[in-house]
Amino acid sequence: MSIESLKFSSFKNSIADSQVKQIPVQYLVIAGGGSGASGGNNFSGSQGTGGGGAGGYLSTVAGEKSGTDTDAGDPHTITLGESYAVDIGAGATHNGGFSGQGTTTFDTIVAVPGGGGGSIGFTNSFTAGGTGASAGGGGNSFSNSRHYPGQGGRPGNVNAGSGGGGAANVEDTSNRNGLPGLASSITGSSVTRAGGGAGSIQNSNTVNTGGTGGGGANGNQYGAGVAGTVNTGSGGGAGGNGNSNNNRGNGGAGGSGVVILRYDKKYTCTVSAGLTAGSETVDGDEKHISITAGTGTVSWG
């Protein structure tokens, strides 16, 4: 048995049912991703627009990371028979340049949305990449001396927007691709989520890559950015940038969030009306369940 497994087993066994009927629940809570900026963004053109940032990423799986490169926290203690609120955040729409719109919660655990992509016009007006969660929105710039990254995102270069930040909190200004997400094995196998959206290049058919974990690619010269993958909290890709507002694509929407819960298999999780969830799945001595949409409550018995 690994050190991480021993750590969780020790935590689990330290809370006896005979005391106050409490059990530990591991979780992965991800907020909705930010949208990519639309090409031009209501100016007379654009020097390239930014991809959306990934939503907040909070994990308690031992040995893994949460966003901003923090260590996983302790499992959440719940009381059997009590109800706990869950709200799954939606991904932001293609308005661009603004913070994401999709806080995800599990009881007192709150993951905040990713930031929207930023943009700048020929007139030297600009909107910065939106501030956001553990990974924020990507910005861009009018010139090499003007950098407007969102929290966790890249600065842009001349004629090119930056990729949005991903949950892995990697900083890399070498290209316009979205930044990578983080992997979790809370469901028993490793899955990467919460990648950043790609930035776009002015008047170009170049398509950049969204960050690993579901980040959306940018649109081509006149095309719309690709949405972040649902239930990953990934950022949307920036819209394509033509030479005028009549030749621009909308930014891709951010990916919706998710709550994944893992607990001892002898207990059953009940999900209320208003929430969309998969079935409980047994994995060794534990179960896990994924909640993918809605607002409601969960309880254990």
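Why is β1 described as largely enclosed by the rest of the structure? Open this predicted model and find out.

**Stop 1: strand β1.** Select residues 22-30, which form β1. Eight of the nine residues of β1 are buried, so the strand is largely enclosed by the rest of the structure. Buried here means under 20% relative accessible area.

**Stop 2: the partners of β1.** Add residues 76-79, strand β5. β1 and β5 pair antiparallel, over four bridges. Look for Val25, which sits opposite His76 of β5.

Now select residues 57-59, strand β2. Three bridges link β2 to β1, again in the antiparallel sense. Here Val29 faces Leu58.

Next, show residues 258-264, strand β13. β13 runs antiparallel to β1, and five bridges join the two. Val29 appears again: its bridge partner in β13 is Val259.

**Stop 3: the largest nonpolar core.** In soluble globular proteins, nonpolar side chains tend to be buried together. The largest such core in this model has 22 residues. Select Val86, Phe106, Val259, Leu261, Ile291, Val298 and Trp300, which touch the most other members. Then colour β1, β6 (83-87), β8 (109-111), β13 and β17 (286-300). Each of these strands gives two or more residues to the core.

**Stop 4: Val298.** Centre on Val298 and show its contacts. Leaving aside residues up to four places away in sequence, Val298 touches Val86, Phe106, Leu261 and Ile291, among others. Its contacts also include Glu82, Ser83, Tyr84, Cys269, Thr270, Val271 and Leu275.

**Stop 5: another core.** Apart from the largest core lies another, of 12 residues. To find this core, select Ala54, Leu182, Ile186 and Ala194, which are among its members.

Note on methods:
Residues numbered from 1 in each chain as written. Predicted model: local features only at pLDDT ≥ 70, side-chain atom pairs only at ≥ 80, totals over all residues. Heavy atoms only, no water. Core = buried A, V, L, I, M, F, W, Y, C linked by side-chain atoms within 4.5 Å. Buried < 20%, exposed > 50% of the residue type's maximum accessible area, 1.4 Å probe, protein only. Contact = heavy atoms within 4.5 Å. Pairing = 2+ DSSP bridges.
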